[in-house]
Amino acid sequence: MGAGAGKALTGKSSTKYLQPAGDESPKGGERPSSPSSSGSKGLAKVQVAPSDGSAAAAPTEPKRSRAAQAVEQAKKWSQAEIEQLPVPQLCRWLEALGTDFSPAVARDQAIARLWAHIDRARPPALQAITSPEQLQYWPSPEMVRWLEYFGAADEGIADKAALVKMLLDHGEELPAPTFLGESAEDAFITQVTQHIAMVKNAATTLLAHLSRDTALVEAQERAKHSWHPNGRVVAEFNSAEFDKTYGSPQGGSSYLDVERGEDVDVTIHEASGWAWCIKGKAAGSKEGWVMATSVIEVATVLEATGGGEEGEDTLALERGTQVEVVLRHYSGWSLVRMLGPTDGSPGQAAALAEGWVSDMCLSDHPRNEATKKHRLLLNGLQRLADDASGVEAAFYLFRTQGPQDAGTTLEALYNQVLNLVEEYHNICSVFQMHAAADMEAQRQKQAAKDAARQARDAEKRNKDAEDEKAWLELPGWVVEGKRCYWVSKVQKKYLRVNVKKVCKIRRQGLVTFQ
């Protein structure tokens, strides 16, 4: 990785992806996510104010949503006006009003049509869908949105008359939907959110496959290596206090009590904010889950590094220095923080400086060598999926409550989307590079095996040729009329014989005993 790449990693557009996973403590008494929890974050749900303005007045004026602000322009929509809208817009309008339009959707036709488009186009976001049976559990709004993405949401999958009747049955003056009067902006937001969903689903799918393969290899490697202190406890973790605050999990807890300053073997460091740690033999070799904020990864500098030469954010370190590893990035660079002298409390390290160094200059657990490249990509994919969920939620707030209530602008959200796409492309490029390197290594390994096999075959052929040549060539003393000795295995002695005749073609000789 060159100097330019090192600077790019620490630029403003990429800083969001360079934060260590699980560095936030639980807030507001909410229980943190359990370790090894599966599934990605869904779209944030926002309570939209009722459009009829029937909510009771508060002492202070409540925060009004985008839909509530449009009530002033509400009107009584006629059937002719509503019928001019296509099926996708009718469904989106009903969804914004909180009306379940599933009865108007022909699920069998919708599933058949959606599966046909998925099977033909195979979009990256839907690679996990391998049969139409998997679509049976999809909600109708989700199917309609994807059919709209493929341009196949029409009256063939939904009863338009029933959708129109649902809107007319409200019996009230309805505010204009967001796609009327702001069609360009709404269409743009719809397209952008679809791309975000594709990036998130593609990252989640790749994350699932890579996690399964990596877990199998790590399970085999874990038993090969002894305890290795690659972590240090910086904050005490007490399982009893944790259960008292957040409640005990089902099936009992598998937490590990640790004290500040202890050295531990960090076996697994999940992006969900938990780490599986093992204490040394002196501490009983206990193991269990610990909050990720309670432990840090400590590495030793194997080779001296020069700061400033490869980028202004690089760090100069001497060989043998111990540093805290904040983040190991899939690009081959690691963000580290120097550890100063303690202030008297065991394990309380004073951070002096931080910067980027080449990951090859840092020590690592021997167990991680087999899956290190995959583990770094997994962490990058997990951060990407989490950030994509956050951007999805921000777009949902923007669409339902407007830019002022959402606290952001469309330009800022679009820049975040560009960063997501760029990060996904970078991860895919690195993944393809690793795959090509693995294929080349396999090719070279197979070529070496083939060369060794060919050498053995050639050696065997040469030996067979020499043996055959030695068999074809008779000794010089085998001449007609000469006398020689015959070795008798029965009598176990030499018998004198006379060579009467020699046939070189048949490789036989006629002898007579004296």
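**View 1. Contacts and secondary structure across the whole chain.** Of the contacts in the chain with a separation of 6 or more, 66% are accounted for by residues 24 or more positions apart. The model is predicted. Its secondary structure comprises 11 helices and 11 strands. The chain has 514 residues, and buried residues make up 36% of them. The accessible surface of the chain is about 30,100 Å², with 52% of that area belonging to carbon and sulfur atoms.

**View 2. The buried face of helix H7.** Helix H7 spans residues 160–168, and its buried residues are Lys-160, Leu-163, Val-164, Met-166 and Leu-167. Seen down the axis of H7, these buried residues fall within an arc of 155°, so they line one face of the helix. Their cover includes helix H3 (79–83) and helix H4 (87–96).

**View 3. The other side and the start of helix H7.** Ala-161 and Lys-165 are exposed, on the side of H7 away from its buried residues. Ala-161 also takes part in a contact at the start of the helix: its backbone nitrogen has a side-chain oxygen of Asp-159 within 3.2 Å.

**View 4. A nonpolar surface patch that includes Phe-188.** Phe-188, Tyr-414 and Leu-418 together make a nonpolar patch of about 250 Å² on the surface. Phe-188 belongs to helix H8, which covers residues 183–222. With a relative accessible area of 30%, Phe-188 is partly exposed.

How values were computed:
Residues numbered from 1 in each chain as written. Predicted model: local features only at pLDDT ≥ 70, side-chain atom pairs only at ≥ 80, totals over all residues. Heavy atoms only, no water. Buried < 20%, exposed > 50% of the residue type's maximum accessible area, 1.4 Å probe, protein only. Helix = DSSP H or I, 4+ residues; strand = E, 2+ residues; numbered from the N terminus. Arc of directions from axis to C-beta. Contact = heavy atoms within 4.5 Å. Polar contact = N/O pair within 3.5 Å; in protein donor to acceptor, adjacent residues only side chain to side chain. Patch = residues over 30% accessible without salt bridge, like charges linked within 9 Å, V, L, I, M, F, W, Y side chains within 5 Å. Areas by Shrake-Rupley, 256 points an atom, 1.4 Å probe, with all protein chains shown as cover. Salt bridge = Lys/Arg side-chain N within 4 Å of Asp/Glu carboxyl O.
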